[in-house]
Amino acid sequence: MSVLSAYKTGSGTGSTSPDAAARHPIKVLVETILRFFQFVLGVTVIGLYGQDVKHDTDTIHDKCVFAVITGSLASITAVVYLLLPFVLKDRPLSVRTGLHLPFLVWEGVLVILWLVMFGMFGKMYIGNYSGVDGARVARMRHAVWVDLTELLLWAGTAGWSFLRWWKGRTAGEKGGDLEKEGSLES
């Protein structure tokens, strides 16, 4: 049985019950697709803003460095989330309640970084810019919309992480041990 199918069905070798880590395949697919797009758009942001980082005389150099760092952090995080099913094959993230809050906090940090970045560059490039370097402004306008898309994707997955944490917290208050019972599905 492959690692991914064991992750989806919860039939890994370390399961405490036949469906201890069972996750709905649609949830796994949606989360994988979201994380893939987060990775791709993060790399796109690195490319779009990285072109301006090499120009040290440019007035927005520091902002572009911030954008490249934010894109890098988001891309690395997305790759980690994409690799988690293979690393945590016996017990997926949904039943590891101790990891829910740290992952939620980190995704919240990424949402704030994307929000700041969208605000900075949106203020600079959304508007009427006739008479200036058209190619650069067009590229930066596209980058602003990529920033907004990343912000929405990270806000969505942060919301998903919040629900996962909330379900784990409320199940923990009821006295259930999710790692033993496997009652949390997200």
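Three exercises on a predicted model follow, each with a worked solution.

Residues are numbered from 1 along each chain as its sequence is written. Local features need pLDDT of at least 70, side-chain atom pairs count only at pLDDT 80 or more, totals for chains, interfaces and linings use all residues, and side-chain values use heavy atoms, with hydrogens and water left out.

**Exercise 1.** Place Arg35 and decide: buried or exposed?

Solution. Step one: locate Arg35. It sits in helix H2, residues 25-53. Helices are DSSP runs of H or I, at least four residues, numbered from the N terminus. Step two: check its relative accessible area, which is 2%. Buried means under 20%, exposed over 50% (1.4 Å probe, protein chains only). Arg35 is therefore buried. Step three: list contacts, meaning heavy atoms within 4.5 Å. Beyond neighbours within four places in sequence, Arg35 touches Ala78, Tyr81, Leu82, Glu107, Trp154, Thr157 and Ser161.

**Exercise 2.** Describe how H2 meets helix H4 (residues 100-125).

Solution. Step one: take the axes, lines fitted to C-alpha atoms over the stretch in contact, with angles from 0 to 180 degrees between N-to-C directions. They come within 14 Å and cross at roughly 40°. So H2 is oblique to H4, the class left after under 35 degrees (roughly parallel), over 145 (roughly antiparallel) and 65 to 115 (roughly perpendicular). Step two: name the residues. Arg35, Val45 and Tyr49 of H2 meet Glu107, Trp114, Met117 and Phe121 of H4. By class, this contact has five nonpolar, no polar and two charged residues.

**Exercise 3.** What is the helix content of residues 33-52?

Solution. Step one: UniProt's unreviewed entry lists "transmembrane region" at several stretches, including 33-52 and 64-84. Step two: residues 33-52 are 100% helix and 0% strand, with end C-alpha atoms 30 Å apart.

Notes: Helices (H or I, at least four residues) and strands (E, at least two) are DSSP runs, numbered from the N terminus. Ala, Val, Leu, Ile, Met, Phe, Trp, Tyr, Cys and Pro count as nonpolar, Asp, Glu, Lys and Arg as charged, and the others, Gly among them, as polar. UniProt positions are given in the numbering used here, feature names are shortened, and annotations may be inferred rather than shown by experiment.
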